[in-house]
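Hi everyone, thanks for coming. Let me put today's structure on the screen, and then we'll walk through it together.

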Amino acid sequence: MIVSASTSQSLASSLAAALDEPLAATEYERFPDGELRASVPEFDADRAVVVCATTTSDAHLEALQLQDAVREAGANEVVTVLPYMGYARQDSAFESGQPVSARAVARALSTGTDRVLTVNPHETGVCDFFDVPCTVVDAAGRLAAPLPDLDDPVFLAPDAGARELATTVRDAYGVGSVDHFEKTRHSATEVEIEPHAADVAGRDAVLVDDIVATGSTMATAVSHLRERDAARAFVTCVHPVLADTARTRLARAGVEAVHGTDTIERAESTVSVAPAIADALAE
Ligand code: R5P
């Protein structure tokens, strides 16, 4: 039975359809003192697949409650799908006294599950923080699907770390070259991008990254492409966090369209990762 947290309702229903498994009814309540209670009133299955994008602190708590609720209702196997794993970018204590937040949340989530699946975490090393087996699902190839017919396309990553994602999207699209920028981040919204060798003049550009958060990285990259006379610029990402004024930032930079997946439910989530998760669950 597929059990959805409030943050992942569309993806959970797509996953239920892809797996041909029932979608559980769920209730999410908030008490006057602010406490949450997520319940699965009619849960009746041997296996529960809890789907929860942990985009907020409340979502983390919902995931723990849903894991507990299905065990209480008799589930023998609990699988937890974290389409987007919140806190995954806090994977080190960068300064003394800081927590390794990714490890803290992974340990907590491990207590209520037999297995975890997560989609394109920023660093796959976060899987080692779980005390149960953790599988990484790569959904990047699906980002090619919503792209229109492109003219002599170049697939660009904003930094070397995302180049593999750009290559995956190019391979799925079938044609085009791949390159990456060099990026230096000065603050949450201040990003410096060094253009790379690729000649982009007159060509359609597809930017690819794992996450678009404030949109600063992509907006800066698109501004460079515009200065270098690229034709159209499309932004694709696995996780469309689109925080703060990201949409305005991207629109002002001249982005043609933004496409993300439904790991985070947004208007831009035009691609479903349900088939990729269903394949990984079947392995
Ligand atoms: C970090 O390195 C990630 O891969 C993304 O590039 C980053 O999260 C994007 O953040 P923003 O949209 O705020 O520039």
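Let's begin with one residue, Ser4, which is buried, with a relative accessible area of 4%. Please keep in mind that we are looking at a predicted model. You'll find Ser4 in strand 1, which covers residues 2–4. What does Ser4 touch, if we leave out residues up to four places away in sequence? The list is Gln9, Ala12, Thr26, Tyr28, Val51 and Leu66. With Gln9 there is something specific to point at: a polar atom of the Ser4 side chain lies 3.4 Å from the backbone nitrogen of Gln9.

Now let's zoom out to the whole chain. The domain assignment gives domain 1, made of 2–138 + 273–282, and domain 2, which is 141–262. So domain 1 is written as two stretches of the chain, with 273–282 as one of them. Measuring over C-alpha atoms, the centres of the two domains are 29 Å apart. Twelve residues from domain 1 and eleven residues from domain 2 make up the contact.

How much area do domain 1 and domain 2 bury between them? About 990 Å², and 55% of that is on carbon and sulfur atoms. On the domain 1 side, Tyr84, Asn120 and Val273 lose the most area to domain 2, and together they account for 45% of what that side buries.

What about polar partners across this interface? The rule finds zero salt bridges between domain 1 and domain 2, but it does find four residue pairs in polar contact. Two helices are worth highlighting here: helix 1 (9–19) and helix 7 (274–282) each supply at least two residues of the side of domain 1 that touches domain 2. Sorted by class, that side has seven nonpolar, three polar and two charged residues.

Last stop: two backbone angles. As background, most residues other than glycine have a negative phi. Asp152 is not a glycine, yet its phi is positive, about 45°. Asp152 sits in the loop between strand 7 (134–137) and strand 8 (154–157). Asp244 is not a glycine either, and it has a positive phi of about 60°. For Asp244, look in the loop between strand 13 (233–240) and helix 6 (246–253).

Are these two aspartates buried or exposed? Asp152 is partly exposed, with a relative accessible area of 47%, while Asp244 is exposed, at 63%. That's my tour, and I'm happy to go back to any part of the picture.

Notes
Residues numbered from 1 in each chain as written. Predicted model: local features only at pLDDT ≥ 70, side-chain atom pairs only at ≥ 80, totals over all residues. Heavy atoms only, no water. Domains from an automatic or database assignment. Contact = heavy atoms within 4.5 Å. Buried area = accessible area lost by both parts, 1.4 Å probe. Salt bridge = Lys/Arg side-chain N within 4 Å of Asp/Glu carboxyl O. Polar contact = N/O pair within 3.5 Å; in protein donor to acceptor, adjacent residues only side chain to side chain. Helix = DSSP H or I, 4+ residues; strand = E, 2+ residues; numbered from the N terminus. Nonpolar A, V, L, I, M, F, W, Y, C, P; charged D, E, K, R; others polar. Buried < 20%, exposed > 50% of the residue type's maximum accessible area, 1.4 Å probe, protein only.
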